[in-house]
Amino acid sequence: WSAAEVGDHVALGTGAIGNITALLAQGQRPSDEDWDPPPRLRGDAGDLAGVRSRLASLPEHTADLFDHCLATDRTDVTADNSFFGEMNWREWYYFLRVHALSHVEQIEKLRGSAGFPAP
């Protein structure tokens with residue numbers, strides 16, 4: 001993946017997983033439509049501004065998400081994670097954080113690659 005594709009994946013994944021997390025915390029099991037956000041990449045340099053702004057909003061978004069979910073805190077409702085099985089909102093939230101951080105590491109490795117444009 002290119003750095004823009006990784007960034008878009010993290011930003012879209014955070015939105016989708018954040019939505020799943022919020023639904024579970026409210027006691028709602030997500031529907032099929034909740035899992036699949038539409039792609040946002042056009043495939044050119046015009047993608048970078050949108051990806052950059054979505055990535056910049058992640059720390060605030062995840063902090064707000066946790067506070068919002070903690071208000072209802074329904075841990076009895078779960079949704080299937082293809083790797084870890086059924087998880088409640090707190091487990092999905094932790095998965096979200098680890099997922100985003102692992103992709104940030106991936107972007108850092110890309111930045112260190114030969115031929116990667118300097119900032």
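How much area does the protein expose, and what share of it do carbon and sulfur atoms supply? I looked this up and found about 7400 Å² exposed, with carbon and sulfur atoms supplying 55% of it (Shrake-Rupley method with a 1.4 Å probe; for residues, only the protein chains shown count as cover).

I note that this is a predicted model, in which local features need pLDDT of at least 70 and side-chain atom pairs count only at pLDDT 80 or more, while totals for chains, interfaces and linings use all residues. Residues are numbered from 1 along each chain as its sequence is written, and side-chain values use heavy atoms, with hydrogens and water left out.

For the fold, I read the pattern α-α-α-β-β-α along the sequence, with 4 helices and 2 strands (DSSP runs numbered from the N terminus: helices H or I of at least four residues, strands E of at least two).

I then turned to aromatic pairs, of which there are 7 (rings of Phe, Tyr and Trp, the last by its six-membered ring, with centres within 6.5 Å; planes under 30 degrees apart are stacked, over 60 edge-to-face, the rest tilted). Phenylalanine 66 and tryptophan 89 form a tilted pair, 5.5 Å centre to centre with 55° between the planes. Phenylalanine 66 lies in helix H3 (residues 58-72) and tryptophan 89 in helix H4 (residues 89-111), so this pair ties together parts 23 residues apart in sequence.

Tryptophan 89 is buried at a relative accessible area of 0% (buried means under 20%, exposed over 50%, partly exposed in between; 1.4 Å probe, protein chains only).
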